[in-house]
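Biologist: Before I use the terms in your description, I would like to hear what each one rests on. Please show me the structure, and then I will ask.

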Amino acid sequence: MIDSHCHLDHEPLLSDLANVIQRSKEVGIEKLLTISTSFESFARVKDLINRDEMIYGTIGIHPHESSTNIITSKQIIERLNENSKIIGIGETGLDFYYNNSEKNKQIASFKEHIDASIKTNIPLIVHSRDAEKETFEILNEYKNENLKILMHCFTGSKEFSEKLMTLNSFFSASGIITFNNSLDLRDTFKSIPMDNILIETDSPFLAPVPKRGKKNEPSFIDFTAAKLAEIKNISKEDLIKKTTDNFNKLFFS
């Protein structure tokens, strides 16, 4: 089992890392992908990937940070080359719900990440909130570039997922699929092919039921896996094997 998106550099995970890793291993997690969101975050990610062989990292600037953390594709590629355990670009994308950064700055940053992903053939980890139209339009501009796309913590519409499937996108399910009010999202994941699905926690955020309201951690992915297996009408064991295979195919082939 693999947690394809967590933030181990956030508290309370960072100060309790040894126990977080131990509990992850106890539920059968073999890899943790900890995600960069800013230059400061990336410095912590670089340290974390050396703490345990199961931890991998990414380089990226979250859309919330894109007004103050200006990055170029050249800088992304340079940081990718610092360590072979930096295996993803992001999280990047568009967030027009909070608008913590100006839209034009978010779009410019997103395109720099996309350019780096194309040049290196490293997967692009995409955050999209209240920006389905713009996210798809931008990604679709690069449809002939064999871009490796992972829609992290996917909460989009079924129509959005169908459009993204034309770009061979992968979709990561988070604890949100366990929430009582997520009927539409569960229906969307029912329609997405198993070949295109990963699982994640986005910890320390979005703890799944029955841990909702608590600080999330990677070991809680077990609850998300169980719910997704139920949605897809397959065994949890088969779900775990398939999502693990999908992760390794996306990031290591």
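The exchange below takes up the sheet, one of its strands, the cores and some backbone details of this predicted model.

Biologist: What makes β1 and β8 the edge strands of the sheet?

Modeller: The sheet is open, with eight strands in the order β1-β2-β3-β4-β5-β6-β7-β8 and parallel pairing. β1 (2-6) and β8 each pair on one side only, and on that basis they are called edge strands. Neighbouring strands of this sheet are turned by 30 degrees against each other on average, direction ignored.

Biologist: How do you know that β2 and β3 pair?

Modeller: Pairing requires at least two bridges between the strands. Strand β2 (residues 31-34) and strand β3 (residues 55-59) have three, in the parallel sense, so the requirement is met. L32 has I55 in β3 as its bridge partner.

Biologist: What makes you say that helix α2 packs on the sheet?

Modeller: Helix α2 (residues 39-48) touches β2, β3 and β4 (86-95), and its direction makes about 155 degrees with that of β3. A contact here needs heavy atoms within 4.5 Å. Helix α3 (residues 73-80) lies across β3 and β4 and runs at about 150 degrees to β4.

Biologist: Why is β4 described as largely enclosed by the rest of the structure?

Modeller: A residue is buried when its relative accessible area is under 20%. Ten of the ten residues of β4 are buried, so the strand is described as largely enclosed.

Biologist: Which strands does β4 pair with, and how many bridges are there?

Modeller: With β3 the pairing is parallel over three bridges, and T58 stands opposite G88 in β4. With strand β5 (residues 124-129) the pairing is parallel over five bridges, and D95 stands opposite R129 in β5. Both counts meet the minimum of two bridges. In addition, β4, helix α4 (residues 103-120) and β5 make a right-handed β-α-β unit.

Biologist: Why is G90 called buried?

Modeller: G90 is found in strand β4. Its relative accessible area is 0%; the limit is under 20%, so G90 counts as buried. Leaving aside neighbours within four places in sequence, G90 is in contact with I35, S36, T58, I59, G60, H113 and I125. G90 and L150 are 60 residues apart in sequence, with their C-alpha atoms 9.8 Å apart.

Biologist: Where are the cis peptide bonds that join G90 and E91, and V209 and P210, and what are their omega values?

Modeller: The bond joining G90 and E91 has an omega of about 20 degrees, and E91 has its place in strand β4. The bond from V209 to P210 has an omega near 15 degrees, and P210 is in the loop between β8 and α8.

Biologist: What makes the phi values of C153 and N168 worth listing, and are these residues buried or exposed?

Modeller: Phi of C153 is near 45 degrees, a positive value in a residue other than glycine. N168 is not a glycine either, and its phi is positive at about 60 degrees. C153 lies in the loop between β6 (149-151) and α6 (158-165); its relative accessibility is 12%, so it counts as buried. N168 is in the loop between α6 and β7 (170-173); its relative accessible area is 57%, and exposed means over 50%, so N168 is exposed.

Biologist: How do you know that N196 is buried, and what does it touch?

Modeller: N196 is in the loop between α7 (183-191) and β8 (197-199). Its relative accessibility is 11%, against a limit of under 20%, so it is buried. Leaving out residues up to four places away in sequence, N196 touches M165, N168, S169, F170, F171 and N246. A polar atom of the N196 side chain lies 3.0 Å from the backbone oxygen of S169, and the cut-off for a polar contact is within 3.5 Å.

Biologist: Which residues have the most contacts inside the largest nonpolar core?

Modeller: That core has 62 residues, and those with the most contacts inside it are L8, L139, M151, F189 and L228. Helix α8 (residues 221-232) gives the most to this core, with five residues. A second, separate core has twelve residues, including I35, I125, L150 and F251. As for F189, among the residues it touches are F154, F171, I177, I197, L228 and I231.

Note on methods:
Residues are numbered from 1 along each chain as its sequence is written. This is a predicted model: local features need pLDDT of at least 70, side-chain atom pairs count only at pLDDT 80 or more; totals for chains, interfaces and linings use all residues. Side-chain values use heavy atoms; hydrogens and water are left out. A nonpolar core is a set of buried Ala, Val, Leu, Ile, Met, Phe, Trp, Tyr and Cys residues joined through side-chain atoms within 4.5 Å. Buried means under 20% relative accessible area, exposed over 50%, partly exposed in between (1.4 Å probe, protein chains only). Helices (H or I, at least four residues) and strands (E, at least two) are DSSP runs, numbered from the N terminus. A polar contact is a pair of N or O atoms within 3.5 Å; within protein, one must be able to donate a hydrogen and the other to accept it, and residues adjacent in sequence count only if both atoms are side-chain atoms. Axes are lines fitted to C-alpha atoms, for helices over the stretch in contact, and angles run from 0 to 180 degrees between N-to-C directions. A crossover is right-handed if, with the strands pointing away from the viewer, the path from the first strand over the helix to the second runs clockwise.
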